Amino acid sequence: MTPKIYIPIDSTALSLGAEEVYRAILLESKNRDLEIEIIRNGSRGLFFLEPLVEVETDKGRMAYGPVDISDVPSLFDSEFFIGKPHELCLGLTDEIDWLKKQERLTFARVGITDPLNIKDYEKHDGFNGLKNAIKLEPQLIVKEVTDSGLRGRGGAAFPTGIKWQTVLDTPSEKKYIVCNADEGDSGTYSDRMIMEDDPFVLIEGMIIAGLAVGADMGYIYLRSEYPHALVVLNKAIDIAKENNYLGRNILSTNHNFELEVTRAAGAYICGEETSLLESLEGKRGMVRYKPPLPAIEGLYGKPTVVNNVISLATVPIIMDKGAAYYSDFGMGRSKGTLPIQLAGNLKNTGLIEKAFGITLRELLYDFGGGSATGKAIKAVQVGGPLGAFLPEAQFDTPLAYEKFSEVNAVLGHGGIVAFDTTADMSKLARYSFEFCAIESCGKCTPCRIGSTRGMEVIDKIKSGKDQEKNIKLLRDLGDTMVDGSLCAMGGMTPFPVISALNFFPEDFGVDKKETSA
Amino acid sequence: MTLTEIQIKKIEQHASNFQDTPGALLPLMHAIQDDLGYVPEGSYPIISKAYNLSIAEIHGFVTFYHHFRTHPAGKNVLQVCRAESCQAMGSEEIELYCKDTLGIDYHETTDDNLITLEPIYCLGNCACSPAVMINDNVIGRVSKKKIDDIIRMAKENS
């Protein structure tokens with residue numbers, strides 16, 4: 001039997017040299033006159049072990065990593081291609097603790113399949129959800145999604161089924177499905193992984209959304225910082241069309257669904273749904289007033305579902321295995337699983353899909369292995385640049401939307417960025433304002449002006465000028481931005497700032513007692 | 001900077017390609033930038049006429065988006081991630097090193113036209129911070145040495 005070798009084509013794996021490893025393995029096999037089959041799979045998400053090369057054996061896939069091109073000759077010497085031992089051998093991939101402890105539902109296929117092999121996708125339960133949904137009345141699809149308890153994974157956590165219900169109930173001759181793939185939050189990469197490593201699951205989710213609400217046109221609004229995902233998505237859409245999953249008369253029914261990718265252009269604000277719609281319409285991405293909700297008046301004034309990549313990519317498994325299967329995972333009103341992304345200063349970074357309820361501490365230490373630098377973890381920022389900083393005292397908070405609200409934090413898109421003791425929290429707080437000033441659309445004053453004033457006030461506090469007065473001013477500014485901004489950009493920028501001030505006053509050069517609100 | 005005949009022809013062609021596309025400005029500006037390397041201000045009157053938009057509207061659109069540039073970039077574009085995850089892994093030092101080594105600030109191009117330096121806010125490579133992107137290639141766990149390699153390779157390839 002020809003040895004089967006898997007080498008990832010995910011862009012993080014590529015950023016660590018997976019392409020060079022692929023070329024080296026190909027060359028080495030030719031030099032040794034050895035016939036091998038190489039499959040470019042997605043990444044398993046164990047980025048601390050990438051480039052992770054896998055070999056098929058009769059017991060399952062054997063993993064080797066992280067592989068450097070200099071390891072390739074010795075791997076061949078020890079006959080890794082038939083699963084033999086080598087110092088880089090990690091054992092069977094499925095038995096790696098990091099992976100074994102996860103509950104992979106949305107990411108069930110990621111890293112296992114060749115992202116653009118539609119037969120491989122079908123073989124691993126792909127399109128089962130669509131095949132079930134296409135037989136159902138729209139209302140029954142919406143009911144299934146509502147019953148699953150799925151909430152918007154982009155960050156706002158709004159119940160997906162309720163959004164869909166509104167679009168379904170709004171009569172219109174034209175409706176749209178828009179996928180928000182403008183994953184701009186630092187520390188997040190789960191959308192990118194789905195799009196690069198299992199693009200058909202997103203396509204399937206969008207078709208099901210179209211069936212559910214009566215839309216026949218979909219757009220994926222993809223950030224320009226993801227050139228690799230752009231190529232993969234466009235290829236996947238073409239392949240899906242050739243196989244009658246997209247276009248006219250899907251699966252020989254009378255349902256139609258067209259799908260297009262629109263490249264964004266580097267504006268963080270366009271991750272906000274109304275700004276995204278403006279941008280898709282070919283305008284500046286200025287945030288719209290709500291109401292009307294996009295579900296009623298969205299793209300070109302038509303009822304529009306705007307969902308995040310992960311929300312849409314989770315729909316197929318719900319339609320395949322049922323709402324009850326999905327909602328059995330999780331805790332309280334946070335049902336199902338969350339693809340968590342470990343980032344920043346951690347020893348073991350990568351993607352962990354787990355049921356809601358796991359604590360930050362378990363993630364940071366059991367999975368993350370502590371900081372990469374070996375110093376203590378001082379703080380983590382969860383949910384991107386608009387998420388609060390959490391100090392060590394809050395590390396026992398379970399990952400659930402309500403639990404995070406209780407400590408004035410947000411779960412957002414599930415990205416966790418860790419900082420060690422060398423981090424200066426006042427600098428990070430100032431950066432939050434700076435980022436807001438750079439990325440604000442400028443429509444509302446608290447965000448547009450408040451962000452710049454915020455930087456100035458922090459500078460004054462740090463220089464020791466009228467500290468008490470300026471701390472009060474900073475808190476007032478925070479309240480104004482939270483209460484007076486049009487959207488989350490200005491409305492949440494104070495979260496990281498005020499949490500940094502509350503938990504790390506010494507970094508601002510002030511005593512704890514002086515900072516109290 | 002006046003446009004060449006060829007540039008004008010290209011812009012007119014792109015403008016006509018997207019005439020029937022809803023939300024045309026976004027794909028149109030990408031097409032122009034992909035082709036010419038930037039969106040010249042000289043393209044505004046052409047687009048204005050084809051799409052019945054004011055020059056102010058087009059200027060407002062182009063300048064809203066960080067991705068679009070109105071001046072040519074160098075042969076290579078080096079984007080350094082400034083976001084939190086990269087900060088947690090020392091990106092500030094990388095930023096300074098790039099600026100020092102190249103002798104330029106952000107949004108500037110080296111005198112030999114080899115490299116344009118840009119800040120970027122997240123490449124989605126946060127599991128391997130700090131990250132940079134050279135043209136369309138993301139590089140993870142960047143060190144000063146890797147920056148040297150990137151610059152050296154840019155020189156060799158040009």
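1. In which sense, parallel or antiparallel, do E7(A) and E8(A) pair, and over how many bridges? The sense is parallel, and the pairing of E7(A) with E8(A) extends over six bridges. The model is a predicted one, and the points below should be read with that in mind.

2. On its other pairing, strand E7 of chain A has strand E6 (residues 176–181) as a partner, again parallel and again with six bridges. A:Gly218 is a useful residue for checking the register. In the pairing with E6(A), the bridge partner of A:Gly218 is A:Ile177; in E8(A), the residue opposite A:Gly218 is A:Leu259.

3. The connection from E7(A) to E8(A) involves helix H11 of chain A (residues 227–242), and these three elements form a β-α-β unit of right-handed sense. As for burial, strand E7 of chain A (residues 217–222) has five of its six residues buried, so the strand is largely enclosed by the rest of the structure.

4. Chain A is assigned four domains: domain 1 covers 4–100, domain 2 covers 118–327, domain 3 is made of 333–384 + 391–410, and domain 4 covers 425–515. The centres of domain 2 and domain 4 of chain A, taken over C-alpha atoms, are 35 Å apart. Contact between these two domains involves nine residues of domain 2 of chain A and eight residues of domain 4 of chain A. On the domain 2 side of that contact, six residues are nonpolar, two are polar and one is charged.

5. Between the chains, 47 residues of chain A contact 34 residues of chain B. Several elements of chain A each give two or more residues to its side of this interface: helix H1 (11–15), strand E8 (258–263), helix H12 (273–280), strand E12 (337–344), strand E16 (415–420) and helix H17 (425–439). The chain A side comprises 19 nonpolar, 20 polar and eight charged residues. Strand E8 of chain A thus appears both in this list and as a parallel partner of E7(A).

6. Chain B contains an open, mixed sheet of five strands, ordered E2-E3-E1-E4-E5. Strands E2 (108–109) and E5 (137–139) of chain B are the edge strands; each has a single partner strand, so one side of each is left without a neighbour in the sheet. Helix H6 of chain B (residues 91–102) packs on the sheet, where it touches strand E1 (76–81) and strand E3 (115–120) of chain B. The direction of H6(B) makes about 150° with that of E1(B).

7. The edge strand E5(B) is antiparallel to strand E4 of chain B (residues 132–134), and three bridges join the two. Within this pair, B:Val132 stands opposite B:Ile139.

8. Two cis peptide bonds in chain A deserve a look. One runs from A:Glu50 to A:Pro51, with omega near -10°; A:Pro51 sits in the loop between strand E2 (37–39) and strand E3 (53–57) of chain A. Another joins A:Pro291 and A:Pro292, with omega about 5°, and A:Pro292 belongs to the loop between H12 and strand E9 (304–308) of chain A.

9. Positive phi values occur at two residues that are not glycine. A:Asp33 has phi near 55° and lies in the loop between helix H2 (18–31) and E2 of chain A. A:Asp33 counts as exposed because 6 other C-beta atoms lie within 10 Å. B:Arg141 has phi of about 45° and lies in the loop between E5 and helix H7 (144–157) of chain B. With 16 other C-beta atoms within 10 Å, B:Arg141 is partly exposed.

Terms used. Residues numbered from 1 in each chain as written. Chains lettered and ligands numbered in written order. Predicted model: local features only at pLDDT ≥ 70, side-chain atom pairs only at ≥ 80, totals over all residues. Pairing = 2+ DSSP bridges. Helix = DSSP H or I, 4+ residues; strand = E, 2+ residues; numbered from the N terminus. Contact = placed C-beta atoms within 7 Å. Axes fitted to C-alpha atoms, helices over the stretch in contact; angles between N-to-C directions. Domains from an automatic or database assignment. Nonpolar A, V, L, I, M, F, W, Y, C, P; charged D, E, K, R; others polar. Buried ≥ 20, exposed ≤ 12 C-beta atoms within 10 Å, placed from the backbone. Right-handed = clockwise from strand over helix to strand, strands pointing away.
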